[in-house]
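Dear colleague,

I am handing over the structure we discussed, and you will find it just below. My notes follow it, and I would be glad if you read them with the model open beside you.

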Amino acid sequence: MNRDAILEVKHLSKSFGANAVLKDIDFVVHPGDVTSIIGSSGSGKSTLLRCINLLETPTTGEILYHDKDITDRKMNAASYRTRVGMVFQNFNLFPHYSVMKNITDAPIHVQKRDKAQVYEEARALLKKMGLEDKENAYPCQLSGGQRQRVAIGRAIVRDPQVFLMDEPLSNLDAKLRGQMRVEISKLHQRLETTIIYVTHDQTEAMTLGTRIVVMKDGVIQQVDSPQNLYDKPCNKFVAGFIGAPQMNMIDAAVGKDGSDVTLSFGGHTVALPEGKAKKLEEAGYVGKTVTLGIRPEDLHDEESFLSMSPKSVFDATIRVYEMLGSEVLLYFDIEDANFVAKVNPRTTARPGDTIKLAMDLEKIHIFDKDTELVVLN
Ligand code: ADP
Ligand code: MG
């Protein structure tokens with residue numbers, strides 16, 4: 001039992017026929033947290049959320065809400081349902097109900113709350129969301145962003161203890177998505193409510209989530225804070241999945257040169273700093289090949305950095321130059337591996353130039369080539 005938890009998913013598995021969609025899912029949701037569930041399309045995110053919302057029955061495992069198993073059919077699930085509000089990807093508004101009726105129908109007819117009071121709340125909410133003139137409109141008369149706000153408003157009026165949101169922004173254009181992301185953040189701060197937020201978008205997951213659950217093929221890879229996921233990925237998948245542009249990765253041979261532990265890749269050899277060298281040697285990797293990972297922002301072209309870390313300097317021939325305003329992306333290849341460096345826009349490097357780059361060796365990640373698990377971060 002976890003006293004701090006509002007919701008606990010324990011050893012949950014779900015199969016559709018022979019298709020095992022969720023495998024031994026285990027995580028805890030703390031009250032007031034935004035738990036982001038992130039994974040590629042088909043990784044089982046919606047199925048997991050539907051299990052939590054009792055729209056699917058898990059094949060095995062439990063879901064505890066305040067320590068009571070809600071998947072137990074003997075228990076009255078109705079009270080749980082009233083405590084949970086779900087916002088779907090396609091909003092699921094009733095097309096033949098007005099905006100007002102969409103928002104007030106469940107509180108009045110399911111929760112049996114006072115009609116005048118619910119209307120008053122709904123009007124205040126519509127005003128707050130800039131929809132005061134849309135009370136009598138039908139969903140088809142609204143833009144995507146407005147529909148989305150109605151869907152969120154409908155969930156808020158039910159005053160749930162837990163919000164479940166399944167890619168609520170994915171049908172919106174990029175600009176609106178950014179605005180609504182901020183709105184959801186504000187909503188969370190204002191209501192101090194618990195949110196489980198499913199998305200395939202890492203910006204949404206990272207900016208909204210206090211904790212992030214990373215899924216792949218129905219299996220949880222890592223549950224962690226946004227910062228830890230970025231700095232200390234537990235395996236190669238998470239390292240590659242979180243961060244844009246993606247972490248650079250290449251096979252590297254681990255060697256020993258005097259007292260130095262070295263990494264050789266694509267004709268370059270770099271010497272590891274002491275702490276990392278010791279860890280890698282002690283783990284028995286000298287003489288083996290590992291996967292070396294380095295984030296684009298941890299490659300440097302400034303003279304000051306190059307002279308400070310001569311043991312990590314290598315040549316790169318720039319293939320593509322991308323100016324993003326606040327930064328420049330330089331693309332180059334090391335053998336078959338595509339690399340990208342995120343550097344200061346004042347760089348003079350252009351396509352065709354061969355420049356010197358240095359790796360911040362304190363920031364490298366090393367993964368076992370076979371298990372793909374992290375050896376050191
Ligand atoms: P995500 O939301 O991460 O994209 P889903 O949970 O929707 O993933 O789907 C995960 C897998 O489960 C997919 O392979 C999908 O085809 C399958 N699946 C989902 N719902 C059903 C269902 N009702 N019947 C059979 N297969 C399903
Ligand atoms: Mg989905």
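In which strand is aspartate 24 found? Please bear in mind throughout that this is a predicted model. Aspartate 24 is found in strand S2, which takes in residues 19-29, and what drew my attention to aspartate 24 is its phi, which is near 50 degrees and thus positive in a residue other than glycine. As for its surroundings, aspartate 24 counts as partly exposed, at 45% relative accessibility.

A second residue belongs in this part of my notes. Histidine 11, which is found in strand S1 (residues 7-16), has a phi near 45 degrees, again a positive value in a residue other than glycine. Histidine 11 is partly exposed, its relative accessible area being 47%. I mention these backbone angles because most residues other than glycine have a negative phi, and most peptide bonds are trans.

The peptide bonds gave me one further item to pass on. The bond that runs from alanine 244 to proline 245 is cis, with omega near -10 degrees, and proline 245 has its place in the loop between helix H9 (236-241) and strand S11 (248-257).

The remaining notes concern the ligand. Ligand 1 is surrounded by Phe16, Asn19, Val21, Ser40, Ser41, Gly42, Ser43, Gly44, Lys45, Ser46 and Thr47. When this shell is sorted by class, two of its residues are nonpolar, eight are polar and one is charged. Strand S2 and helix H1 (45-52) each supply at least two residues of the shell, and the largest share, three residues, comes from H1.

Polar contacts with oxygen atoms of ligand 1 involve both backbone and side-chain atoms of the protein. On the backbone side, an N or O atom of serine 43 lies 3.2 Å from an oxygen atom of ligand 1, while for glycine 44 a backbone N or O atom lies 3.0 Å from an oxygen atom of the ligand. From the side chains, lysine 45 brings an N or O atom that is 2.8 Å from an oxygen atom of ligand 1. Taken on its own, ligand 1 has 560 Å² of accessible area, of which the protein covers 58%.

When you go through the model, I would suggest looking at the ligand shell and then at the backbone items above.

With kind regards

Definitions and conventions: Residues are numbered from 1 along each chain as its sequence is written. Chains are lettered from A and ligands numbered from 1 in the order in which they are written. This is a predicted model: local features need pLDDT of at least 70, side-chain atom pairs count only at pLDDT 80 or more; totals for chains, interfaces and linings use all residues. Side-chain values use heavy atoms; hydrogens and water are left out. Helices (H or I, at least four residues) and strands (E, at least two) are DSSP runs, numbered from the N terminus. Buried means under 20% relative accessible area, exposed over 50%, partly exposed in between (1.4 Å probe, protein chains only). A residue is near a molecule or strand if one of its heavy atoms lies within 4 Å of it. A polar contact is a pair of N or O atoms within 3.5 Å; within protein, one must be able to donate a hydrogen and the other to accept it, and residues adjacent in sequence count only if both atoms are side-chain atoms. Accessible areas come from the Shrake-Rupley method with a 1.4 Å probe; for residues, only the protein chains shown count as cover. Ala, Val, Leu, Ile, Met, Phe, Trp, Tyr, Cys and Pro count as nonpolar, Asp, Glu, Lys and Arg as charged, and the others, Gly among them, as polar.
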